[in-house]
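Visitor: I am new to this structure and would like a close look at a single part of it. Could you take me through the salt bridges slowly, and then show me what lies around them?

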Amino acid sequence: MEAMESMNRVGDGNGTRDGEGGLRVELSEVPETLLWNLYMRAAEARRARTVLDDPKAVELVDRVDYPFEETFGTPSPLLAQGHALRVRTFDTAVRAFLDEHPDGTVVTLAEGLETQFWRVDNGRARWLCVELPETAEVRRALLPDEERRRTLARSALDLSWRDEVDPARGVLITAQGLLMYLRPTEVKDLIAGCAERFRGGALVFDAVPRWFSARTMRGEMRTAQGYQAPPMPWGMDAGELPKVRTAHPAITDVREVPPPRGRGFYYGALAPLMRWLPAVRNLRPTMTAMARFS
Ligand SMILES: C[S@@+](CC[C@H](N)C(=O)[O-])C[C@H]1O[C@@H](n2cnc3c(N)ncnc32)[C@H](O)[C@@H]1O
């Protein structure tokens, strides 16, 4: 039986394994966080008045054999909607890029099991996902590469991924849910490495504020089920955003990308207002921004 199981393993076995209930995904530490994101997207997408149309995420949650509910609990509608709105913020940035560069390349650093391609692809662009080997194995097993979309098993910190990108028709790099897990010097070097190579391009990324990063470093972010979010060493308050320009002289513009309005009082009225109130601006648990290179 054990021999049979090991024959069904994909790659080194840390990633996925065929099982009766679907593809068994075995990830830990930062890679495991992609499952929380997927679970939240699917939960929001299943709602009747959803803010995120994402049938592929729903399909993946149904296909993956992973104890979502036992690990993360029942999805909180507030958290799921908040996450979906952050996802929509990235989608809007990618759509705007594709409108201007329909044959361009979207480089998705740390894409996990994001299903953005199925939400926004225009049928012409190239997509390159740069992921850690254990996650790349899972992604390829569930979302096999195709002609215009491929997954590179490499750390985003190994800047050799830049050689895989054809910059001729425009480049947009996304780092959704990545930078907070890196050390501050790694964040700076990664942003500088993007700016140095992709003049005329841009990077869309999200950040958590310092208070949030500090809580994860103290191990205080836990679900009721005992799942503990990994440390997030890099935190940046919204008020510090202009500092990103100091990473490299080619960074000429850095600005927040506002999330769309959502449902209900909090996401429909309060959250949009919080962006403008200096006293609470830095308290928001996440912020998305774009750095342009020229
Ligand atoms: C919070 S998940 C985000 C996944 C996806 N972007 C999303 O929003 O659903 C964090 C992701 O970072 C990836 N990751 C962590 N360190 C990385 C690195 N050095 N290079 C590339 N990917 C990395 C993990 O494998 C995981 O997929």
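Guide: In this predicted model, the side chains of Asp54 and Arg41 meet in a salt bridge, with 2.9 Å between N and O. Arg41 belongs to helix H2, while Asp54 lies in the loop between H2 and helix H3 (55-63), so the pair ties together parts that are 13 residues apart in sequence. Both partners are on the inside by the accessibility count, for Asp54 is buried and Arg41 is buried as well. The two residues also belong to a wider arrangement, since a network of salt bridges links Arg41 and Asp54 with Asp91, Glu114 and Arg119.

The structure as a whole holds 27 salt bridges, and two others can be set beside this one. Arg148 forms a salt bridge with Asp121, and the closest N and O atoms of that pair are 2.7 Å apart. This pair links distant parts of the chain, 27 residues apart: Arg148 sits in the loop between helix H7 (133-142) and strand S6 (149-153), and Asp121 in the loop between helix H6 (116-120) and S5. Asp121 has a relative accessibility of 24%, and therefore counts as partly exposed. In another pair, the side chains of Glu186 and Arg183 meet in a salt bridge at 3.3 Å from N to O. Here the partners fall into separate classes: Glu186 counts as buried because its relative accessibility is 18%, which is under the 20% limit, whereas Arg183 counts as exposed because its value of 52% is over 50%.

Helix H2, where Arg41 is found, leads on to the ligand. Helix H2 (29-45) and strand S5 (126-131) each supply at least two residues of the shell around the ligand, and the largest share of that shell, 6 residues, comes from H2. In total 20 residues surround the ligand, and the closest are Ala110, Glu131, Thr135, Ala156 and Gln176. By type, the residues of the shell divide into 9 nonpolar, 7 polar and 4 charged.

Several polar contacts to the ligand can be followed atom by atom. An N or O atom in the side chain of Asn37 is 3.1 Å from an oxygen atom of the ligand. A nitrogen atom of the ligand has a polar side-chain atom of Ser155 at 3.0 Å, and a backbone N or O atom of Ala110 lies 2.7 Å from a ligand nitrogen atom. Taken alone, the ligand exposes 590 Å², and the protein buries 96% of that area.

Two further places complete the walk. Glu240 is found in the loop between helix H9 (210-217) and strand S9 (251-256), and there its side chain reaches the backbone nitrogen of Asp237 at 2.7 Å. The relative accessibility of Glu240 is 13%, so this residue counts as buried. On the surface, Phe265, Leu270, Leu273 and Leu277 make a nonpolar patch of about 390 Å². One of these residues, Leu270, has its place in helix H10 (residues 264-274); its relative accessible area is 32%, so Leu270 counts as partly exposed.

Conventions: Residues numbered from 1 in each chain as written. Predicted model: local features only at pLDDT ≥ 70, side-chain atom pairs only at ≥ 80, totals over all residues. Heavy atoms only, no water. Patch = residues over 30% accessible without salt bridge, like charges linked within 9 Å, V, L, I, M, F, W, Y side chains within 5 Å. Areas by Shrake-Rupley, 256 points an atom, 1.4 Å probe, with all protein chains shown as cover. Salt bridge = Lys/Arg side-chain N within 4 Å of Asp/Glu carboxyl O. Helix = DSSP H or I, 4+ residues; strand = E, 2+ residues; numbered from the N terminus. Buried < 20%, exposed > 50% of the residue type's maximum accessible area, 1.4 Å probe, protein only. Near = heavy atom within 4 Å. Polar contact = N/O pair within 3.5 Å; in protein donor to acceptor, adjacent residues only side chain to side chain. Nonpolar A, V, L, I, M, F, W, Y, C, P; charged D, E, K, R; others polar.
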